[in-house]
Amino acid sequence: VLKASPTIVYSPYIPTTTRNKTQFSKPIFHNLNLQLPCFTRNGSKSRLFTTLSSSPISTTESIEPPMPEVEAEVGKERFDWYSQWYPVMPVCDLDKRVPHGKKVLGIDLVVWWDKNENEWKVFDDTCPHRLAPLSEGRIDQWGRLQCVYHGWCFGGNGDCKIIPQAPVDGPPVHTFKKACVAVYPSVVQHDIVWVWPNADPQYKDIITKKKPPYIPVLDDPSFSKLMGNRDIPYGYEVLVENLMDPAHVPYAHYGIMRTRTPTVKVDREGGRPLDMKVKKLDINGFLGKQDWGSSNFIAPCIFHAFADVEVDQEHGSATSSEIALPPNRRFSLIFMCVPVSPGNSRLIWTFPRNFGVRIEKIVPRWIIHIGLNLIVDSDLYLLHVQERKIMEIGATNWQKACFVPTKSDALVVGFRRWFNKYAGGEIDWKGKYSGALPPSPPREQLMDRYWSHVVNCKSCSTAHKGLKALEVILQIMSVGLIGIVAVTKQNMISMVVKTTMVSMAIVCFAASK
């Protein structure tokens, strides 16, 4: 139902055009046995936070608007973007041998492995000497972060260990406070590096007072938790609301993702009414209710949709190599949306489930990422353009400009209400940006997956390097075989051997392509 939910069971392991007895023969979200937390229904009247048409009532009386069941909020609470934990990157995609440059809330960060303290560190990505990026440096043989510009070295606490240009018998200038690098509180939770975007010393031990959002299913060893990440060329708020919108899946991802077939098809794609509600909206987020399960928006980054599904063995998705599966199967969709800069965000995803776990241990992660990135690609350009149209009218005018009369938009309306009510309709960039979006690059550049995903994914990067090397090897073999045939005298090898070698050369060249 959500952006990648059908992928959890079918794609990318099973082609969308074939089906066998080990796959679901019924829609995945049809007749679910849900075991979800109970929500208290608010008895007060709900409000529709959209602008409806002023045409006669006869034109809208058949339309049931998304009436979010929300509690009235009192006061002038303001969401503090800099008093939250933010996911930076999955540990599986970080190389301990080199520093990594990342951006969160417009802050340039360098993430690196401190082997002396055996933990990941997050520093300000600026050398105090001449402001060169530390992420372009290296980790030296003593486990210190070294600036590549002049060789200044820093320890895990941000203290400068050595300034090569300072005389040994001179004053210890490396001990001065101005020689230190700002250190951001960080922690690893759910195999993800999290950062607290405030380097003030008073927050040094913030982890003892406030921890990142805890999601129990990510610590359950019976669940799979394959992760991925991608840099997105549109902003945080557009990313979040898109992931909360299941109604676009049959259309924007047509032919890529499977969706439930409606009883009455009104078009080729199979769109249908969706019963969705918003509950308990406050400064910390809100709860959502769908016809197949529930969801939880944990401000500012996490959207977690979940359901308990009972599927029998006959209609399961187990492969023939798997043993009998337990009747109770559960899965979750967890999206972590990170604000990077205006017009840019980062998505970290994981889809834990307690069935088909063995598949993820056999199939390389990069193969699975091909299918998941294809889903992201299929509506990427639409959302990039949409964000610019929203910027033209002003984010706070979203509800006036957009006509959202059906319940399928309830979560999107709920998010926009939260964003406008508690964040003032904008992210606090601390004056780093004017608020204008960056220039829109050509469509081909927007769709280039290499810089947005491959270089940031250890599995895909390794596979890419391996396949590029294999391409060269196959081309060399192709040329070599043709060369051997060309220089060999006619009576030295038979026509059968020559034909075989030429055929192999053609196959190698074709395989390289």
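1. A contact here means heavy atoms within 4.5 Å. With that in hand, here is a friendly read of this predicted model. Of the contacts in the protein with a separation of 6 or more, 69% are accounted for by residues 24 or more positions apart.

2. Some overall figures may help you get your bearings. The protein has 513 residues, and buried ones make up 49% of them. Its secondary structure comprises 11 helices and 18 strands. The exposed area comes to about 25,600 Å², with carbon and sulfur atoms supplying 57% of it.

3. Helix α2 deserves a look on your screen. This helix spans residues 236-243, and because eight of its eight residues are buried, it is largely enclosed by the rest of the structure. The buried set includes the nonpolar-sounding stretch Val238, Leu239 and Val240, but Glu237, Glu241 and Asn242 are on the list too. Tyr236 and Leu243 complete it.

4. Next, a pair of helices. How are α10 and α11 arranged? Helix α10 (residues 458-487) packs against helix α11 (residues 495-512) at an angle of about 155°, and their axes are 8 Å apart. Since angles over 145 degrees count as roughly antiparallel, that is how α10 runs relative to α11. Their crossing is left-handed. On the α10 side, the contact involves Glu471, Leu474, Gln475, Met477, Ser478, Leu481, Ile482, Ile484 and Val485; α11 contributes residues including Lys498, Met501, Phe509 and Ser512. By class, this contact has 13 nonpolar, three polar and two charged residues.

5. Helix α10 also meets α5, which covers residues 365-393. Here the angle is about 105°, again with axes 8 Å apart, so α5 and α10 are roughly perpendicular to each other. From α5 come Arg365, Trp366 and His369, and from α10 come Lys458, Ser459, Cys460, Ala463 and Leu467. The residues of this contact divide into four nonpolar, two polar and two charged.

6. One last residue to click on is Asn420, in helix α7 (residues 410-423). Is Asn420 buried or exposed? Its relative accessibility is 18%, and the cut-off for buried is under 20%, so Asn420 counts as buried. Setting aside neighbours within four places in sequence, Asn420 is in contact with Ala395, Thr396, Gln399 and Gly425.

Terms used: Residues numbered from 1 in each chain as written. Predicted model: local features only at pLDDT ≥ 70, side-chain atom pairs only at ≥ 80, totals over all residues. Heavy atoms only, no water. Buried < 20%, exposed > 50% of the residue type's maximum accessible area, 1.4 Å probe, protein only. Helix = DSSP H or I, 4+ residues; strand = E, 2+ residues; numbered from the N terminus. Axes fitted to C-alpha atoms, helices over the stretch in contact; angles between N-to-C directions. Parallel < 35°, antiparallel > 145°, perpendicular 65-115°, else oblique. Left-handed = near helix turned anticlockwise from the far one by under 90°. Nonpolar A, V, L, I, M, F, W, Y, C, P; charged D, E, K, R; others polar. Areas by Shrake-Rupley, 256 points an atom, 1.4 Å probe, with all protein chains shown as cover.
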